[in-house]
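New to this one? Take a look at the fold first, and then we'll walk through what its atoms tell us.

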Amino acid sequence: MNTAIEVLLGLGAAVAFSAVVYLLLRSKYLADRNALEIQRGQAAADAERALLNAKEEALRIREAAEDEIRRRRADLELESARLQAREEVLKAQEAELTATEHAVSDAERSVREKLSRADLAIEKAAGLSVGEAAGQVLAKAEQQTASAAQKRAVEIEREAVDNAERRAKQTVLDTIQRLAAEYTIEATTSVVDLPSADMKGRLIGREGRNIRAFEQVTGVDLIIDESPEVVVVSSFDPVRREIARLTLMNMMLDGRIHPGRIEELHEKAAAEVERTVREAGEQAAQRAGIAGISGAVLQALGRLRFRSSYAQNVLDHSVEVAELAKLLAQELGFSVEVAKRAGLLHDIGKALSPEWEGPHAIAGMSFLKQHGEADSITHAVGAHHMEIAPETPEAQIVIVADSISASRPGARRENLEEYVKRLAKLEEIANSFPGVDRSYAVQAGREIRLLVKPDQIDDRAAVSLAEEVAKRIESELQYPGQIKVTVIRETRAQHIAK
């Protein structure tokens with residue numbers, strides 16, 4: 001009995017367990033089916049949304065294409081109308097030319113008839129043959145034609161010169177206005193501030209030992225005067241002066257001032273300046289938009305960063321000349337790459353050591369040839385100061401760009417003392433010529449006007465005087481840009497009516 005009950009209980013438990021398992025499995029099945037249906041619904045919604053987006057994109061593309069077709073159709077219609085109008089104008093011109101040709105033929109026939117009658121009349125009246133009469137008429141006509149042609153040639157030449165000058169001025173003005181440049185002022189001295197008043201004594205050292213060692217190592221003059229808490233580093237070599245300035249500043253920061261330490265700091269400053277020079281050359285080439293320059297050329301180019309001419313930094317001037325040359329070449333239709341590369345490198349001879357002999361243009365040309373620059377570049381560099389004759393348009397462009405950069409307003413300036421001396425020297429040179437009554441330097445020294453005595457200087461002599469004064473100024477003065485020499489000869493006749 002107990003066994004049967006246990007069996008029944010076991011069967012019941014098994015049935016219950018099976019029911020529970022069945023219910024769990026059915027619940028999982030229903031959950032999975034619901035999830036699948038949800039996923040199917042989501043996928044359908046995504047597909048429908050993607051289809052809708054695709055339809056919208058297709059519609060947008062179609063509308064854009066239709067707009068483009070309409071625009072091109074309108075352009076074609078406009079071009080067709082323009083061509084049709086042009087064709088009508090050409091037809092009208094052709095008809096006019098045909099009518100003119102007929103009129104000319106009729107006139108020519110009439111002239112021939114009149115000449116034939118005139119020949120007969122001349123033979124009868126003058127007893128001359130037709131050939132002799134024609135020769136006299138032709139000789140007179142040739143004389144009149146030659147005179148008229150000469151006058152016309154003078155007029156044409158004057159018009160051509162005026163047009164060329166006007167166009168050249170406009171091109172230069174357009175080029176300058178498209179350029180913007182800044183300058184930093186350099187000099188032959190560098191002023192270094194001292195941290196304290198007693199630093200002067202330490203720089204001088206016992207019996208001047210330190211200052212002598214500093215000047216011997218750096219190759220500059222160290223000026224220590226009564227100026228409070230400043231010393232001046234003086235040298236005409238700007239790179240050497242910059243190395244000395246860095247050496248002096250590092251020496252004051254270090255605090256150890258003796259000959260051995262001066263040599264160590266000088267070597268470090270020289271290495272730092274060389275690195276700065278290389279970076280300056282690379283940055284200048286990058287600013288000018290020029291690639292492919294060798295390392296030695298970049299190093300020499302960077303040394304121009306420490307050079308100046310009339311307060312115009314030579315490296316900035318070189319970059320500006322490159323930009324001006326590029327703009328001029330674009331305006332005139334010549335090689336932009338050759339013009340701007342030669343413009344950037346035109347003053348590189350100023351950075352070379354004294355072993356490179358000759359003017360800086362010739363030295364720069366030789367240096368660039370040695371480092372593989374093209375002949376078109378080296379020729380333009382060598383010709384930019386006319387030491388050799390410029391033979392290419394790009395060489396002429398570099399000459400013009402260099403002149404513009406040097407002489408344009410604001411590019412260069414002098415100190416007041418030099419400016420006053422130059423004006424006084426200008427007037428002194430002008431007044432030294434016989435026949436000059438007085439002279440005036442005007443336009444900030446860019447023009448000198450000479451008032452001459454009319455009884456001593458005639459018109460032809462005035463032209464010669466202007467040329468002689470200009471040559472004398474070129475040989476005796478140094479000045480930025482150009483100086484115009486104007487000779488004024490005035491005569492006045494007076495009489496009193498009584």
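Of the 498 residues in the protein chain, 29% count as buried. Keep in mind that this is a predicted model. The chain is built from 14 helices and eight strands. Its exposed surface comes to about 32,600 Å², with carbon and sulfur atoms supplying 54% of that. As for contacts between residues at least 6 apart in sequence, 60% of them join residues at least 24 apart.

Now for the inside. In soluble globular proteins, nonpolar side chains tend to be buried together. Here the largest nonpolar core has 30 residues, and the members that touch the most others are Leu301, Leu344, Leu345 and Ile348. These are the elements that give two or more residues to this core:

| Helix | Residues |
|---|---|
| H6 | 259–288 |
| H7 | 295–303 |
| H8 | 314–332 |
| H9 | 336–345 |
| H10 | 360–370 |
| H11 | 375–382 |
| H12 | 393–407 |

Another core, of 20 residues, lies apart from that one, and its members include Phe433, Ala441, Leu450 and Leu465.

Which residues does Leu345 touch, leaving out those up to four places away in sequence? The answer is Val297, Leu301, Leu368, Glu373, Ile377 and Val381.

One last stop is the loop between H11 and H12, where you'll find Met386. Most residues other than glycine have a negative phi. Met386, though not a glycine, has a positive phi of about 65 degrees. Is Met386 buried or exposed? Its relative accessibility is 52%, so Met386 counts as exposed, the cut-off for that being over 50%.

Methods: Residues are numbered from 1 along each chain as its sequence is written. This is a predicted model: local features need pLDDT of at least 70, side-chain atom pairs count only at pLDDT 80 or more; totals for chains, interfaces and linings use all residues. Side-chain values use heavy atoms; hydrogens and water are left out. A nonpolar core is a set of buried Ala, Val, Leu, Ile, Met, Phe, Trp, Tyr and Cys residues joined through side-chain atoms within 4.5 Å. Buried means under 20% relative accessible area, exposed over 50%, partly exposed in between (1.4 Å probe, protein chains only). Helices (H or I, at least four residues) and strands (E, at least two) are DSSP runs, numbered from the N terminus. Contact means heavy atoms within 4.5 Å. Accessible areas come from the Shrake-Rupley method with a 1.4 Å probe; for residues, only the protein chains shown count as cover.
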